[in-house]
Amino acid sequence: MLTQIKPYKKIIYLDYAAATPLDFRVRKAMEPFWDEKFGNPSSLHKKGREAKDAVDDARRIIAGIVGARPQEIIFTAGGTESVNLAIFGAARAFMLSRRKKPHIITLKIEHHSVLKSFEALAKEGCAASYVDVDKDGFVQLDKLKMAVRQETALVSIMYANNEVGTIQPIAKIGKWLKKENQKREAKNLPRILFHTDACQAAGFLDLNVQKLGVDLMSVNGGKIYGPKQSGFLYAKSDISIKPLIWGGGQEADLRSGTENVPGIVGLAKALELAQKNLESENQRLLKLRDYFILKVLEIPKTILNGPAVKNGGLNRLPNNINVSFLGAEGETLMLYLDSYGVAVSTGSACATGLLDPSHALLALGLPEKQAQSSIRFTLGKSTNKKQLDFVVGVLKKIILLLRKVKNPKM
Ligand SMILES: *Cc1c(COP(=O)(O)O)cnc(C)c1O
């Protein structure tokens with residue numbers, strides 16, 4: 001039966017939440033910095049100065065986009081490093097100034113870069129709280145508020161989830177924390193820093209740190225058509241964090257090491273392009289997303305995981321579709337799709353344990369079976385309706401077959 005379907009002429013890539021191709025304009029912007037303008041930004045001669053100018057320009061561009069000051073942008077080697085710098089940086093600054101271990105708060109559905117940092121700090125003696133989310137993946141605000149303690153130093157809440165696309169009310173949390181911090185100041189309690197992991201949000205949402213009310217924000221280039229291993233951490237100038245990497249004192253002493261000049265230039269260009277076309281591309285993707293959801297849910301026993309699609313207002317990333325095909329296993333389905341030239345992901349692409357159901361889907365309250373039968377489709381610049389129609393056709397046939405094999409009576 002499966003042999004009746006011919007693979008699509010080119011790979012249909014529906015895994016943009018895992019990696020995006022480099023935009024040709026980004027590549028062009030980076031080009032001179034591999035060989036022609038190869039200098040070390042710390043060198044005082046002409047070659048060094050031309051590299052430093054490029055890094056400064058990139059910093060200004062990014063600061064402009066996120067509504068920060070240039071000196072508040074720290075270049076890193078990607079999302080994971082930014083997140084680690086924010087979390088360990090805040091916790092260690094607290095330990096050094098207060099001479100005790102802090103309490104830190106995050107969500108159960110965060111990316112592993114956050115959760116593993118929390119676990120590592122917990123092993124060092126910090127207290128960590130993991131706040132529940134509701135069935136759509138939204139933070140339970142009452143539980144977040146209840147989690148705060150006297151020695152709380154950091155709240156880290158992702159802007160948008162990488163598996164089900166849930167967009168958290170960051171500005172609302174920022175406002176609450178601001179008030180909370182005013183009360184704490186009067187009582188001489190430590191200020192609670194607010195970090196958001198915006199790696200999945202940067203291509204789709206407003207990154208203005210003033211509106212969001214965050215002290216720290218992590219962004220990477222590899223998810224926004226920029227180079228991998230590029231990223232930045234926004235760190236508000238009136239807060240104190242400690243570095244992870246020590247050396248020559250680059251990046252305001254928060255990230256030593258010779259700057260990745262092509263990467264930094266590419267990151268700034270990628271963010272500029274993403275934010276410039278945000279509205280129109282979001283509208284295009286929303287239409288495709290909702291069309292695809294409608295078509296996929298026509299397949300019997302399929303469930304949309306994450307926030308329901310709603311009219312007006314964005315509660316879910318415009319490119320995210322996460323569906324469970326009951327009676328079929330996600331991993332098997334993904335491999336079948338791959339053999340038809342369709343690239344998707346199960347659970348989280350960063351997870352290595354093959355059949356471990358995703359921690360995020362379980363935190364949403366999905367039964368294990370439903371979590372194991374889930375597939376994440378994430379759309380991007382090259383996605384079109386024709387590709388999605390092909391994928392729906394393939395899905396219908398594969399799922400019928402997989403369910404028959406598993407349960408001949410179905
Ligand atoms: C991809 C991702 C990261 C890690 O970024 P890298 O650049 O791969 O280190 C962190 N958080 C989220 C939400 C992500 O999607």
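**Close-up views of an aromatic cluster, a ligand site and a helix residue**

A search of the whole structure, which is a predicted model, finds four aromatic pairs.

**View 1. Tyr-13 and Tyr-16 form an edge-to-face aromatic pair.** The ring centres of Tyr-13 and Tyr-16 are 4.9 Å apart, and their planes stand at 80 degrees to each other. The two residues fall into separate accessibility classes: Tyr-13, with a relative accessibility of 26%, counts as partly exposed, whereas Tyr-16, at 7%, counts as buried.

**View 2. Tyr-16 also pairs with Tyr-225.** Here the centres of the rings lie 6.2 Å apart and the planes meet at 40 degrees, so the pair is classed as tilted, given that angles under 30 degrees count as stacked and those over 60 as edge-to-face. The pair links distant parts of the chain, 209 residues apart: Tyr-16 belongs to the loop between strand 1 (12–13) and helix 1 (24–30), while Tyr-225 belongs to the loop between strand 7 (216–220) and strand 8 (231–235). Both Tyr-16 and Tyr-225 are buried.

**View 3. Tyr-13, Tyr-16 and Tyr-225 make up one aromatic cluster, shown with Lys-381.** In addition to its place in this cluster, Tyr-225 has the charged end of Lys-381 sitting over its ring, at 4.0 Å from the ring centre.

**View 4. The ligand is shown with its surrounding residues.** The residues around the ligand are Gly-78, Gly-79, Thr-80, His-111, Ser-113, Asn-162, Asp-197, Cys-199, Gln-200, Asn-220 and Lys-223. Sorted by class, this shell consists of one nonpolar, eight polar and two charged residues.

**View 5. Side chains of Gln-200, Asn-220 and Lys-223 approach oxygen atoms of the ligand.** For Gln-200, a polar side-chain atom lies 2.7 Å from an oxygen atom of the ligand, and for Lys-223 the corresponding distance from a polar side-chain atom to a ligand oxygen atom is 2.7 Å. In the side chain of Asn-220, an N or O atom is 2.9 Å from an oxygen atom of the ligand. On its own the ligand has 380 Å² of accessible area, of which the protein covers 85%.

**View 6. Ala-54 is shown in helix 2 together with Lys-37.** Ala-54 is part of helix 2, which spans residues 46–66, and its relative accessible area of 10% places Ala-54 among the buried residues, a class that requires a value under 20%. Lys-37 is 17 residues away from Ala-54 along the chain, and the C-alpha atoms of the two residues are separated by 9.4 Å.

Note on methods:
Residues are numbered from 1 along each chain as its sequence is written. This is a predicted model: local features need pLDDT of at least 70, side-chain atom pairs count only at pLDDT 80 or more; totals for chains, interfaces and linings use all residues. Side-chain values use heavy atoms; hydrogens and water are left out. Rings of Phe, Tyr and Trp (its six-membered ring) pair if their centres lie within 6.5 Å; planes under 30 degrees apart count as stacked, over 60 as edge-to-face and the rest as tilted. Buried means under 20% relative accessible area, exposed over 50%, partly exposed in between (1.4 Å probe, protein chains only). Helices (H or I, at least four residues) and strands (E, at least two) are DSSP runs, numbered from the N terminus. A charge sits over a ring if NZ of Lys or CZ of Arg is within 6 Å of the ring centre and within 35 degrees of the ring normal. A residue is near a molecule or strand if one of its heavy atoms lies within 4 Å of it. A polar contact is a pair of N or O atoms within 3.5 Å; within protein, one must be able to donate a hydrogen and the other to accept it, and residues adjacent in sequence count only if both atoms are side-chain atoms. Accessible areas come from the Shrake-Rupley method with a 1.4 Å probe; for residues, only the protein chains shown count as cover. Ala, Val, Leu, Ile, Met, Phe, Trp, Tyr, Cys and Pro count as nonpolar, Asp, Glu, Lys and Arg as charged, and the others, Gly among them, as polar.
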